[in-house]
Amino acid sequence: MAASLLLWGVGTSRTLRAHWALAELGLAYEMRPILPRSGETLTPEYTALNPRQKIPLLQDGAFTLGESAAIVTYLAETYSTGAHGLCPGDQAERFRWLEWSFFTVTELDSTSLYVMRRHGVVQGLAHIYGEAPEVVAQAAEYFLKQLRHVSVALQDGRAHLLGDRFTTVDILLTTCLSWAQAYHIALDPPLIAYMERNQDRPAFREANARNSVRS
């Protein structure tokens, strides 16, 4: 195990991704349970580590990495083993894995869900960025349009997005589906079943508990 691992951040869908990947890989790690917009990411200590002042942040010895998708990808490629693997071994499948990862964090997360969070009132940040109900509605519509690509991929009954193997793509996608559900976006039954199947994994339950810890 990698005793040098340290993860900063709790309390968000994005921090959950990093905790989940660490749990799936069976890695021991320390954590610093800081929250966004609490002032904790603005301290000189944290800013020296991450000038972007965002969470999550992973330290692996002297190596430091931000951005949730980058963190789970790094963990998968660095620490996957036969018993605990979160990325494909085949080269063609690896690029399909990256394609779905980029799609999920751009089209579903940042372009859709985070726009809703920035300008929404319910669980949102409209008090900071301004209320924009039309923008929120359009972002939700765009999310569902892009989500159809996921539904098409899953319609053959596969257990996970890349087939039989659970990968970091499933971590990214499941957190987006859960986020969408919290925003009352109606999900098709197969997508709900996919999300709940992934959330029933022991590693998810472990990660979810750690992502809620504040002391």
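This tour moves through the salt bridges, the aromatic pairs and the charges placed over rings.

The model is predicted, so local features need pLDDT of at least 70 and side-chain atom pairs count only at pLDDT 80 or more, while totals for chains, interfaces and linings use all residues. Residues are numbered from 1 along each chain as its sequence is written, and side-chain values use heavy atoms, with hydrogens and water left out.

**Salt bridges**

The structure holds eight salt bridges, each defined as a side-chain nitrogen of Lys or Arg within 4 Å of a carboxyl oxygen of Asp or Glu. Select R32 and E30: they form one of these bridges, with the closest N and O atoms 3.6 Å apart. For accessibility, buried means under 20% relative accessible area, exposed over 50%, and partly exposed in between (1.4 Å probe, protein chains only). R32 is partly exposed at 32%, and E30 is partly exposed at 45%.

Next, select R158 and D156, whose side chains meet in a salt bridge at 2.9 Å, N to O. R158 is partly exposed at 27%, whereas D156 is exposed at 52%.

Proceed to D200 and R205, where the N to O distance of the salt bridge is 3.3 Å. Here D200 is exposed at 53% and R205 is partly exposed at 46%. Then display R14, R17 and D109, which are joined into one network by salt bridges that share partners.

**Aromatic pairs**

Six aromatic pairs are present. Rings of Phe, Tyr and Trp (its six-membered ring) pair if their centres lie within 6.5 Å; planes under 30 degrees apart count as stacked, over 60 as edge-to-face and the rest as tilted. Select W20 and F166, a tilted pair with 5.8 Å centre to centre and 40° between the planes. This pair links distant parts of the chain, 146 residues apart: W20 is in helix α1 (residues 13-24) and F166 in the loop between α6 (133-154) and α7 (168-182). Helices (H or I, at least four residues) and strands (E, at least two) are DSSP runs, numbered from the N terminus. Both W20 and F166 are buried.

Now select F63 and Y74, whose ring centres are 5.0 Å apart with planes at 40°, so this pair is also tilted. F63 lies in strand β4 (residues 63-66) and Y74 in helix α3 (residues 68-79). F63 is partly exposed at 38%.

Return to W20 and F166 and add F204: ring pairs link these residues into a cluster.

**Charges over rings**

A charge sits over a ring if NZ of Lys or CZ of Arg is within 6 Å of the ring centre and within 35 degrees of the ring normal. Add R201, which lies over the face of F166 at 3.8 Å from the ring centre. Finally, select R210 and Y29: the charged end of R210 sits over the ring of Y29, 4.4 Å from its centre.
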